[in-house]
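Let us take a walk through a protein together, one step at a time. Keep the picture open beside the text and look for each residue as we reach it.

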Amino acid sequence: MTSKAASAEPLAGSVDRSVLANAHRIVVKVGSSSLTSIKGGISEEALTALADALAAKRNSGAEIILVSSGAIAAGLAPLGLAKRPRDLATQQAAASVGQGLLMARYTQAFGAHGVTVSQVLLTAEDLMRRSQHTNAFRALNRLLSLGVVPVVNENDTVATHEIRFGDNDRLAALVAHLVRADALVLLSDVDSLYDGPPSLGAKRIPLVEGPHDLDGVSIGKTGKAGVGTGGMLTKVEAASMAAGSGIHALVTSTPNAAAALNGEDVGTWFTVNGARKPVRLLWLAHVASVQGRLVLDDGAVKAVRHHRTSLLPAGISAVQGDFEAGDAVEIAGADGTVVARGLVNYSSAELPQMLGRSTRDLGEALGTGYDREVVHVDDLVLV
């Protein structure tokens, strides 16, 4: 790790877009609809223009990580598929074909500028397991120190859950935290966030300083190209996720990439409104699949929400859902209001016998291992 990268912190306190122009380490995410179409596969013109902009920024001294969707969409035409498949096996087949094509085009386009690219396939879950998390950070950091532009994608070919292109927006936010980036840029086929449908005269929203700035805003879903599934909603979620935990973010269109990276007034700028968080807690708050719910009494809600304490069995009044130890669960009050998420230390089958009892009593009655917290404070995030 270079000394500059090691000390990278959010360039806080400013809403000036020169923050992005001067950023040292930037994560850029591009969507499928910006690079591909069902009829034509990969758009050479769009991909080359993007590579030109990113290579210029890289050659000016910045470190760039590109999170790129498009593998499944790129594989449709070669396989003779008329539309994005619904079944997982065919999605995986398309991703397997398309990923190689996508990387070949990136290698050629960046190579024209003397920039080397690499392929890094990740899933959000990979970033949560400590060994993979550490290895991913080391690999990406070393690639950046060697002047490489890593091209990161969801590992669609072997994914076991439903593949959604929109997941790459959240993956990009997680990668930005993983590598301690200064900024996150989310590119699509829409030039900015608007306060309603642009066709009806809606106004561009140039700046978002916090969630309150989005009150009443109607956010669209999938793009017009028909090959992506994330749309503006997941981009706003990812940008808000980043800004809420210490990283400036910009949402704009792919043709605006060069202008955005130069700090020009394009797109919607999400300024930092929170402190850095561990990537694991970011995943837990925004990405983790919740398997159940723990209902707390009023005292336990107060302890979790206001005093940041671990959750003990004595404060739990009910268990809902079917989950195993290590799964993510919601933590709610008696009125149903969710106050936190956490990684639970016991299964839903074990917990009912423990409710309302002290850890000391449980240790004596049930043996060693039952005197632990239900959710440790280090595995708990307020929502």
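## A walk through the chain

Our starting point is serine 188, which sits in strand S7, the stretch of residues 183–188. Keep in mind that what you see is a predicted model. Is serine 188 buried or exposed? With a relative accessibility of 6%, serine 188 counts as buried, because the limit for that label is under 20%. Setting aside residues up to four places away in sequence, serine 188 touches Ser34, Lys235, Thr252, Ser253 and Thr254. Its side chain also reaches the backbone nitrogen of valine 190, at 3.2 Å.

Serine 188 also appears in a record. An unreviewed UniProt entry carries the annotation "binding site" for Lys29, Ser188, Asp189, Thr229, Gly230, Gly231, Met232, Leu233, Thr234 and Lys235. Annotations of this kind may be inferred rather than shown by experiment.

Another residue on that list is lysine 29, so let us go there next. You will find lysine 29 in strand S1, which covers residues 25–30. Lysine 29 has a relative accessibility of 2%, and therefore counts as buried. Which residues does lysine 29 touch, not counting those up to four places away in sequence? They are Val67, Ser69, Asn168, Asp169, Ala172, Val185, Leu186, Leu187 and Lys235. With one of these, aspartate 169, lysine 29 makes a polar contact of 3.0 Å between side chains.

Asparagine 168, also touched by lysine 29, belongs to helix H8. This asparagine is buried, because its relative accessible area is 2%. The side chains of asparagine 168 and asparagine 153 are joined by a polar contact of 2.9 Å. Beyond its neighbours within four places in sequence, asparagine 168 is in contact with Lys29, Val67, Ser68, Ser69, Asn153 and Glu154.

Now step back and look at the whole chain. How many helices and strands does the chain have? There are 13 helices and 15 strands. Of its 383 residues, 50% count as buried. The chain exposes about 16,400 Å², and carbon and sulfur atoms supply 50% of that area. Among contacts in the chain with a separation of 6 or more, 74% are between residues 24 or more positions apart.

What lies inside? In soluble globular proteins, nonpolar side chains tend to be buried together. Here the largest nonpolar core has 48 residues, and Val27, Val152, Leu184 and Phe270 touch the most other members. Several elements each give at least two residues to this core, including strand S4 (63–68), strand S5 (117–122), helix H7 (130–145), helix H8 (167–178) and strand S9 (248–253). Strand S7, where we began, is also one of these contributors. Take valine 152 as an example: leaving aside neighbours within four places in sequence, valine 152 is in contact with Ile65, Leu66, Val67, Ser68, Val120, Leu122, Leu140, Leu171 and Val175. Apart from this core lies another one, of 36 residues, among them Leu20, Leu50, Ala55 and Ala257.

For a contrast with the buried residues, find valine 287, in the loop between H11 and strand S11 (290–296). Its relative accessibility is 26%, so valine 287 counts as partly exposed. Valine 287 and leucine 174 are 113 residues apart in sequence, yet their C-alpha atoms are 9.4 Å apart in space.

Our last stop is the aromatic rings. A pair of aromatic rings is described by the distance of the centres and the angle of the planes. How many aromatic pairs does a search of the whole structure find? The search finds two. One is made by tyrosine 106 and phenylalanine 110, a tilted pair with 6.2 Å from centre to centre and 50° between the planes. Because these residues are four apart in helix H6 (residues 88–111), about one helical turn separates them. Tyrosine 106 counts as buried, at 0% relative accessibility, and phenylalanine 110 is buried too, with a relative accessible area of 0%.

The other pair is tyrosine 346 and tyrosine 370, with ring centres 5.8 Å apart and planes at 20°, so this pair is stacked. Tyrosine 346 lies in the loop between strand S14 (338–343) and helix H13 (359–366), while tyrosine 370 lies in the loop between H13 and strand S15 (380–382), so the pair ties together parts that are 24 residues apart in sequence. Tyrosine 346 is buried, with a relative accessible area of 1%.

How values were computed. Residues are numbered from 1 along each chain as its sequence is written. This is a predicted model: local features need pLDDT of at least 70, side-chain atom pairs count only at pLDDT 80 or more; totals for chains, interfaces and linings use all residues. Side-chain values use heavy atoms; hydrogens and water are left out. Buried means under 20% relative accessible area, exposed over 50%, partly exposed in between (1.4 Å probe, protein chains only). Contact means heavy atoms within 4.5 Å. Accessible areas come from the Shrake-Rupley method with a 1.4 Å probe; for residues, only the protein chains shown count as cover. A polar contact is a pair of N or O atoms within 3.5 Å; within protein, one must be able to donate a hydrogen and the other to accept it, and residues adjacent in sequence count only if both atoms are side-chain atoms. A nonpolar core is a set of buried Ala, Val, Leu, Ile, Met, Phe, Trp, Tyr and Cys residues joined through side-chain atoms within 4.5 Å. Rings of Phe, Tyr and Trp (its six-membered ring) pair if their centres lie within 6.5 Å; planes under 30 degrees apart count as stacked, over 60 as edge-to-face and the rest as tilted.
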